[in-house]
Amino acid sequence: MSTTLALAWVAASKRAAYVTDGDALCGSVHFAAGIALCRAAGCVVTGIDGAPIAETSRGLVAAADAETHELLMSMIRNRI
């Protein structure tokens, strides 16, 4: 699945969230547009550690709302 499409679905409230692991995703052409769409739509976008996404962030969690983001972070913390 296209990452940009998946993130666009989160931004448009067609999907609750998108989660992936990896390094330096915000600088990737495959992620940058989708991240920008989610931010513009008011989604919660962080690294997989829950910290604000930056050039050195690992992974990506984009959630349509804060409640969904917190639920995902809780599940991620219990898994790591």
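**Exercise 1. State what share of the contacts in the protein chain with a separation of 6 or more comes from residues 24 or more positions apart.**

Step 1. Contact here means heavy atoms within 4.5 Å.
Step 2. For the contacts with a separation of 6 or more, residues 24 or more positions apart account for 54%.

The model is predicted: local features need pLDDT of at least 70, side-chain atom pairs count only at pLDDT 80 or more, and totals for chains, interfaces and linings use all residues. Residues are numbered from 1 along each chain as its sequence is written, and side-chain values use heavy atoms, with hydrogens and water left out.

**Exercise 2. Give the order of helices and strands, then judge the compactness of the protein chain.**

Step 1. Helices (H or I, at least four residues) and strands (E, at least two) are DSSP runs, numbered from the N terminus.
Step 2. The protein chain reads α-β-α-β-β-α along the sequence.
Step 3. Its radius of gyration is 11 Å, close to the 12 Å of the globule rule for 80 residues, so the chain is as compact as a globular protein of that length. The radius is taken over C-alpha atoms, and the rule is 2.2 Å times the number of residues to the power 0.38.

**Exercise 3. Find which elements supply the largest nonpolar core.**

Step 1. A nonpolar core is a set of buried Ala, Val, Leu, Ile, Met, Phe, Trp, Tyr and Cys residues joined through side-chain atoms within 4.5 Å; buried means under 20% relative accessible area (1.4 Å probe, protein chains only).
Step 2. The largest core has twelve residues, among them Leu 7, Phe 31 and Ile 53.
Step 3. At least two residues each come from α1 (3-11), α2 (32-40) and β3 (58-63). α1 gives the most, with three.
Step 4. A second, separate core of six residues includes Ile 48 and Val 61.

Technical notes:
Buried < 20%, exposed > 50% of the residue type's maximum accessible area, 1.4 Å probe, protein only.
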